[in-house]
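Q: Please pick one part of this model and describe it closely. Give the geometry as well as the residues involved.

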Amino acid sequence: MAEPERLALQAVKYRQRNGWALRDLLRLAHPLTDRIETRVLFDWIAHPLSETAISAACEAFPLIDGLYRARAAKSTAEVANLVRRYDLPREAVPTEWQSSAEVWAALLPTMPATALLRSLGRMGAMGLLTRHSRAAAEVVRRLEDRQALVRARVHPIQVLLALRTYAQGHGDHGKLSWTPVPQVIEALDGAFDRAFASVEPTGRRILVAVDVSGSMCGTRCAGSPTLTAHQAAAAMAMVFLRSEPNAQVIAFDTQVHHPDLSPKMRLDSVERALSRWTG
């Protein structure tokens, strides 16, 4: 994808965040470019209500053309066709069509890996992911693609969070519920192992000290109601063991312990090994 097209994708996906818009960034940075397409894109970002700027941007960038066509669409079938035709990201789909399983089915094949992990529960809740469904098969295919996970720099902890959330069948706050598909759970479990290839080793000597006191098992990990602190610590220990050739893991409560861990161990085995002490 050429640089102007990449910029256009970012402009469509992230028009504003936390009260700041890309237009604010342009007005602060005053970027200059000799590329006509980039100047057209900057003009559209700076003047989003200008018919002239919109027309020029739609002509220069098919993605932006698809964005405005989706905004004017009258049916889910039309939106789904536009998603497939223009490779529209979810952020380009108007809110009123984002509860449609048909639209999400169109989004799924090109959905970024991290977005896919975050959206499993939502797709399950709308009935898109069911046993032997085409969408479930597509999710499994994506999760089994090791190279795609590496290119997307998916971290093992991201996969673990998605696995635990999806397997429990409801969201963290209980707003959504779904019936987990066994094949998807199995694919997530495998993706957790495959994602370790995304972690770039430092090559340094690293000592990882894991708190194994009793409170770790009853305390939820900050930022994740689905993981206990003990589970999160065990997973991070695995990340170091599998990615660093010179990593050592010790455990501590009121004293130091030396668990017998190896890079080939699975997460449940690491958890059990670290559960020997609860001082």
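A: Contact here means heavy atoms within 4.5 Å. Helices are DSSP runs of H or I with at least four residues, numbered from the N terminus. The model is predicted, with local features needing pLDDT of at least 70 and side-chain atom pairs counting only at pLDDT 80 or more, while totals for chains, interfaces and linings use all residues. Residues are numbered from 1 along each chain as its sequence is written, and side-chain values use heavy atoms, leaving out hydrogens and water.

The part chosen is the pairing of helix α11 (residues 156-168) with helix α12 (residues 182-194), whose axes come within 9 Å and cross at roughly 160 degrees. Axes are lines fitted to C-alpha atoms, for helices over the stretch in contact, and angles run from 0 to 180 degrees between N-to-C directions. The two helices are therefore roughly antiparallel, a label for angles over 145 degrees. Their crossing is left-handed: the near helix is turned anticlockwise from the far one by less than a right angle.

From α11, the residues Pro156, Val159, Leu160, Ala162, Leu163, Tyr166 and Ala167 meet Val184, Ile185, Leu188, Asp189, Ala191 and Phe192 of α12. Twelve of these contact residues are nonpolar, none is polar and one is charged. In this scheme Ala, Val, Leu, Ile, Met, Phe, Trp, Tyr, Cys and Pro are nonpolar, Asp, Glu, Lys and Arg are charged, and the others, Gly among them, are polar.

Elsewhere, twelve of the 15 residues of α14 are buried (under 20% relative accessible area, 1.4 Å probe, protein chains only), so α14 is largely enclosed by the rest of the structure.

Conventions. Angles under 35 degrees count as roughly parallel, over 145 as roughly antiparallel, 65 to 115 as roughly perpendicular and the rest as oblique. Buried means under 20% relative accessible area, exposed over 50%, partly exposed in between (1.4 Å probe, protein chains only).
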